[in-house]
Amino acid sequence: MNIVLAVVPLYGVDMPPLGAAYIAAVLEKEGYGINVFCFNSELYNQARDKRFLWGWEASGAWCSPEGINRHFNVNDLLDKWSEKILKCAPKIVGLSVNSHSRVLANLLADRLKNKKKDLYVIFGGPWCTELAEPSEFNKNVDIYVRGEGEGVIPKIAKLIAGSESIRDCSIEGTIVNTGVGFKDNRANASFVDINKLPFPALHFFDLNYYTNKTEIPILFSRGCNYSCKFCTDKPMWGNYRTRNAENIIEEMIKHSSIFNRTCFKSNDLLINGDLKQLRYLSEIIINEKLSFTWGGMARARSDMSGQLCAVLRKGGCSYLTYGIESGAARILFHMGKPGKRDIVQALKNSYKSGIKVNTLWMAGYPIEKWVDVLETMLFLLRSRRYIHEFVAVSACYIPRRSRLWQERDKLRIEYDKNSDWHIGKSNTVSIRQLRRKILFSFARILGIYKGGVQ
Ligand code: B12
Ligand code: SF4
């Protein structure tokens, strides 16, 4: 049985999508004929004059058919993509869907079903975990897979390969199209054992097609043990689980020999959720004299001691991207982030041990006032000597399953017709954008904004 996996814009173009690569790996292991199309990076490479649409600022353009049609002929894109997919004679087409690719993914599902009625269209990816409103379900999608996909997709493929009906299937973690509606089989109660997964099938992708020319994507862990108020990744991924250091190294050895690269970029929610394991990984790299380097997103924990950071650095840690978000004490406290003193400690120890320190920020958190923006600027001024790169500041977005969203009434959050949130006139889209611009400009003045996302 042939299965096609596809990714449509908007996705990151720096590296291949790990979600699709993991799904491809488990299906390939089951013996199915797999084809993977990254239409996202393909379009990015073809439409040179439209590349700004992959930037953070323009990402909203992908969230409505009109927005996309303003820049591309959507009809032509759908024709081209569906033709390529159907040439592979698939029984199943699986699409990786996020909040910003859902419009094109739905249109592609419609087009595919229109051309081939007996095709099974399956949606997976973070958007499927958020699905709630009846209007968001598409009758041309047969199954939505919520959360982690590796445990679920082989069961679905087996049913389809055995020509069994999927309409009444009750596989946990799925929402099934029954023909007259959608049956919710609840979220998957158990997570997969990440040490038993095949390595992500990156061989289906041409790494040269992506903008990052030095690194290979990898996951050291899944989940998170914290619960910041603006975050929805925790509900999707659950508590922190880390892979064995040996298992990670095995993947590094395999992929570095295939792709001829030795630098790895972790897509973990946070790379330093289990410091003991991270230290152990670094010690193996040191003891075995391996030349791998790695980096990823991290939490500014107070226990990132100078001694630990030195071991991590020696063991290949080339950069850490800290999600700082704000420099105002009351905002950090409300968010559930570490306090200012802990943050400075982590930045300082990482910086002094030679790890490149990147930082991520957020403007317009619901309770943020102008005085908090000033406090953040002051914090930036004082801690700039421990920051190599400011990297980025996002405007606060309130995802549906986040704790902020649950508290929206208490916080007086309202939504307008474009689904943008505001609190009276004190926190609106334009105020958030203005605060973002101010922080960017200030970071530029301090010499720590160097214009890119690491
Ligand atoms: C790394 C990352 C990036 C990188 C991209 C790197 C890359 N090329 O892949 C960068 C920084 C570029 C990025 C950008 C964006 N990102 Co991002 N990103 C992530 C992050 C942290 C990790 C993604 C990852 O690799 N996960 C690991 C893999 C294994 O998980 P996965 O992709 O979800 O796949 C699993 C399941 O979803 C499922 N699955 C996935 N595909 C399929 C397909 C099928 C058929 C099936 C059955 C199952 C299935 O099974 C997989 C394995 O378990 C996630 C948060 C997170 N941890 O998921 C956010 C996340 C995916 N990003 C998000 C967003 C919104 C964006 C942006 C659109 C932001 C913006 N406004 O611009 C941009 C889009 C791209 C752009 N503008 O360039 C959101 C999506 C929200 C949503 N609910 O859909 C997330 C979830 C963060 C969040 N909570 O807000 N991102
Ligand atoms: S923002 Fe980061 S540290 Fe906080 S809950 Fe989400 S993943 Fe965990």
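Where is Cys-128 found? Cys-128 belongs to helix H6, which covers residues 126-130. The legends below walk through close-up views of this predicted model.

**View 1. Cys-128 in helix H6 and its partner in space, Tyr-144.** Here we look at Cys-128, which is buried with a relative accessibility of 0%. Follow the chain to Tyr-144 and you will have covered 16 residues in sequence, yet the two C-alpha atoms are 6.2 Å apart in space. Helix H6 also contains Trp-127, since the helix spans residues 126-130. The ring of Trp-127 has company: the charged end of Arg-102 sits over this ring, 5.0 Å from its centre.

**View 2. The shell around ligand 2.** Nine names make up this picture, so take them in order along the chain: Cys-224, Tyr-226, Ser-227, Cys-228, Phe-230, Cys-231, Leu-269, Arg-299 and Lys-337 surround ligand 2. By class, the shell comprises six nonpolar residues, one polar residue and two charged residues. Two members of the shell, Tyr-226 and Arg-299, also meet each other: the charged end of Arg-299 sits over the ring of Tyr-226, 3.6 Å from its centre.

**View 3. An aromatic pair, Tyr-44 with Trp-54.** The structure holds 17 aromatic pairs, and this view shows one of them. Tyr-44 and Trp-54 meet edge-to-face, with 5.3 Å from centre to centre and 80° between the planes. Tyr-44 is in helix H2 (residues 39-46) and Trp-54 is in the loop between H2 and helix H3 (65-69), so the pair ties together parts that are 10 residues apart in sequence. Both partners are on the buried side of the scale: Tyr-44 has a relative accessible area of 14%, and Trp-54 has a relative accessibility of 11%.

**View 4. Phe-440 and Tyr-449 within an aromatic cluster.** The ring centres of Phe-440 and Tyr-449 are 4.9 Å apart and their planes stand at 65°, so this pair is edge-to-face. Phe-440 is buried, at 13% relative accessible area. Widen the view and Trp-361, Phe-379 and Phe-390 join Phe-440 and Tyr-449 in one aromatic cluster.

**View 5. The largest nonpolar core.** This core has 91 residues. Those with the most contacts inside it are Phe-220, Leu-281, Trp-294, Met-304, Tyr-322, Leu-380 and Phe-390. Helix H1 (residues 18-29) is the top contributor, giving nine residues. Domain 1 (2-184) and domain 2 (214-446) both supply residues, so the core lies between them. In soluble globular proteins, nonpolar side chains tend to be buried together.

**View 6. Leu-381 in helix H14, with Ala-443.** What is the C-alpha to C-alpha separation of Leu-381 and Ala-443 in space? It is 8.7 Å, for two residues that are 62 apart in sequence. Leu-381 is found in helix H14 and is partly exposed, at 35% relative accessibility.

**View 7. Glu-368 in the loop ahead of helix H14.** Glu-368 has its place in the loop between strand E14 (356-363) and helix H14 (370-383). Is Glu-368 buried or exposed? At 7% relative accessibility, Glu-368 counts as buried. Asn-75 makes a useful landmark for this view: the C-alpha atoms of Glu-368 and Asn-75 are 43 Å apart, with their positions 293 residues apart in sequence.

**View 8. Arg-241 in strand E10.** Strand E10 covers residues 241-242, and Arg-241 is found there. Arg-241 is buried, with a relative accessible area of 16%. Its C-alpha atom is separated by 32 Å from that of Asn-2, a residue 239 positions away along the chain.

**View 9. Backbone details in three loops.** Start with the cis peptide bond that joins Pro-9 and Leu-10, where omega is about 10°. Leu-10 is in the loop between strand E1 (2-7) and H1. Next comes Ala-89, whose phi is near 50°, a positive value in a residue other than glycine. Ala-89 lies in the loop between helix H4 (74-87) and strand E3 (92-96). Last, look at Asn-260, another residue other than glycine with a positive phi, here near 60°. Asn-260 lies in the loop between helix H9 (245-259) and strand E11 (263-266), and it counts as exposed, at 73% relative accessibility.

Key: Residues are numbered from 1 along each chain as its sequence is written. Chains are lettered from A and ligands numbered from 1 in the order in which they are written. This is a predicted model: local features need pLDDT of at least 70, side-chain atom pairs count only at pLDDT 80 or more; totals for chains, interfaces and linings use all residues. Side-chain values use heavy atoms; hydrogens and water are left out. A residue is near a molecule or strand if one of its heavy atoms lies within 4 Å of it. Ala, Val, Leu, Ile, Met, Phe, Trp, Tyr, Cys and Pro count as nonpolar, Asp, Glu, Lys and Arg as charged, and the others, Gly among them, as polar. Rings of Phe, Tyr and Trp (its six-membered ring) pair if their centres lie within 6.5 Å; planes under 30 degrees apart count as stacked, over 60 as edge-to-face and the rest as tilted. Helices (H or I, at least four residues) and strands (E, at least two) are DSSP runs, numbered from the N terminus. Buried means under 20% relative accessible area, exposed over 50%, partly exposed in between (1.4 Å probe, protein chains only). A charge sits over a ring if NZ of Lys or CZ of Arg is within 6 Å of the ring centre and within 35 degrees of the ring normal. A nonpolar core is a set of buried Ala, Val, Leu, Ile, Met, Phe, Trp, Tyr and Cys residues joined through side-chain atoms within 4.5 Å. Domain bounds come from an automatic or database domain assignment.
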